[in-house]
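Colleague: I should like to understand the terms used for this model. Please explain them one at a time.

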Amino acid sequence: MGEHAAPILVTGGAGFIGSALVRHLVLERGCAVLNVDALTYAGHEQSVADASSSPLYRFERGDIADAKHMAALFQAYRPQSVIHLAAESHVDRSIDGPADFIRTNVVGSFTLLEEATRYWLALDREARSRFRFLHVSTDEVFGALGAEGRFTEDSPYRPNSPYAASKAASDHLARAWWHTYALPVIVTNCSNNYGPYQYPEKLIPLVARKAIAGLELPVYGSGLQVRDWLHVTDHVRGIVAALERGTVGGTYLFGGDSERTNLSVVQQIADLVDELSPSDTSRRSLIRHVADRPGHDYRYAIDASATRESLGWRAEVAFDAGLRDTVRWYLDNDAWCDEVLAGRYDGSRLGRVMSA
Ligand code: NAD
């Protein structure tokens with residue numbers, strides 16, 4: 001990939017997963033990257049600071065729903081491929097205010113597909129055959145599982161939250177642009193990610209930060225909902241494998257084979273903070289069960305065997321080691337957290353009722 005001067009256009013590269021992808025592409029693979037990000041509350045240039053001094057890295061602040069701007073960026077930078085991550089990504093916020101999710105995840109993805117197609121159709125034969133539009137999505141589009149079974153590439157779409165519905169819509173658009181216009185689309189669906197630089201509104205960094213500060217640790221309802229966790233660096237390697245080796249029109253699922261109840265994750269974080277930053281109070285004693293999330297999905301789990309076989313990808317970071325490193329990262333990176341939270345989010349409960 002590194003041999004082509006044309007950049008990979010990454011949308012949402014100032015967010016959690018996008019910034020990990022940008023760091024990987026620029027610093028580890030020597031690949032030119034154009035990062036296009038609107039810098040919403042969740043996007044921060046500090047997250048890509050390590051890569052930003054490289055001549056391979058370019059940044060453009062832009063909204064994927066702005067067709068004119070996206071068209072201009074395609075013309076100015078002539079990317080070899082697109083990896084599309086820009087999204088509103090927090091289920092709780094989608095309950096409070098779904099409009100932004102429809103605008104960015106649905107209308108924004110549509111706009112990007114349109115502009116990518118226009119650009120792709122005008123490429124010369126070789127560049128056109130190399131071009132890929134990789135759409136990054138979530139396993140939440142498949143809805144909730146009971147105690148048994150796992151999602152596969154053939155699972156039906158049954159999104160339950162406004163977030164999941166907006167991502168499902170964008171998956172369908174991506175697929176339709178492949179089927180109708182032959183745009184070389186690849187779709188990936190991944191389980192819950194964790195790791196450094198995740199905005200401290202999501203379960204793991206939120207609870208880690210609260211435990212470090214000695215604050216109450218909220219657990220939604222019984223806490224017995226099950227999520228499958230994948231370290232962000234494993235997801236990033238999967239995205240790159242799908243870009244390089246994936247079949248056009250294909251779907252690839254990534255999961256960590258690390259199912260945990262939310263309660264057990266919170267307990268594990270509490271124990272890690274006790275160990276890494278000892279205090280007189282056991283952090284487990286700070287756990288409080290609070291009102292459940294409306295429509296909270298019971299369980300997600302991924303069967304990634306087809307992806308392992310076709311892409312030769314597998315998760316490498318064991319959850320216990322990855323969680324320990326992540327908690328340590330949040331202990332060591334207060335300055336990043338303070339900066340990204342300042343004036344944007346105070347750690348309070350989101351996603352319980354519809355705002356007026
Ligand atoms: P994030 O919220 O941390 O980052 C999203 C980024 O998109 C931010 O930098 C934000 O500024 C940018 N953005 C938002 N609206 C934009 C717009 N209109 N135009 C341009 N940029 C915009 O999200 P994340 O957790 O890094 O997730 C990235 C992608 O991966 C999303 O598409 C998400 O659905 C998907 N995904 C996330 C997970 C997870 O566990 N976090 C799991 C599977 C899939």
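The exchange below takes up the sheets and the helices in turn.

Modeller: This is a predicted model, in which local features need pLDDT of at least 70 and side-chain atom pairs count only at pLDDT 80 or more, while totals for chains, interfaces and linings use all residues. Residues are numbered from 1 along each chain as its sequence is written, and side-chain values use heavy atoms, with hydrogens and water left out.

Colleague: How do you know that β4 and β5 pair?

Modeller: Two strands pair if DSSP finds at least two bridges between them. Strand β4 (residues 81-84) and strand β5 (residues 133-138) have three bridges, in the parallel sense, so the definition is met. The bridge partner of Ile83 in β5 is Leu134. Helices (H or I, at least four residues) and strands (E, at least two) are DSSP runs, numbered from the N terminus.

Colleague: What is the order of the seven strands in the open sheet, and why do β3 and β10 stand at the edges?

Modeller: The order is β3-β2-β1-β4-β5-β6-β10, with parallel pairing. β3 (57-61) and β10 (251-254) each have a single partner strand, so one side of each lacks a neighbour in the sheet. Neighbouring strands here are turned by 20° against each other on average, direction ignored.

Colleague: What makes α5 and α7 roughly parallel?

Modeller: The axes of helix α5 (residues 99-121) and helix α7 (residues 162-181) cross at roughly 15° and come within 8 Å. Axes are lines fitted to C-alpha atoms, for helices over the stretch in contact, and angles run from 0 to 180 degrees between N-to-C directions. Angles under 35 degrees count as roughly parallel, over 145 as roughly antiparallel, 65 to 115 as roughly perpendicular and the rest as oblique. The two helices are therefore roughly parallel to each other.

Colleague: Which residues of α5 and α7 meet?

Modeller: Among them are Phe101, Phe110 and Trp120 in α5, and Tyr163, Leu173 and Trp177 in α7; contact means heavy atoms within 4.5 Å.

Colleague: Where does the second open sheet have its edges?

Modeller: Its three strands follow the order β7-β9-β11, and the pairing is mixed. β7 (192-194) and β11 (259-261) stand at the edges, because each has a single partner strand. The twist averages 50° from one strand to the next. β7 pairs with strand β9 (residues 226-231) in the parallel sense over three bridges, and Tyr194 stands opposite His231 in β9. Helix α9 (residues 232-245) packs on this sheet, touching β7 and β9.
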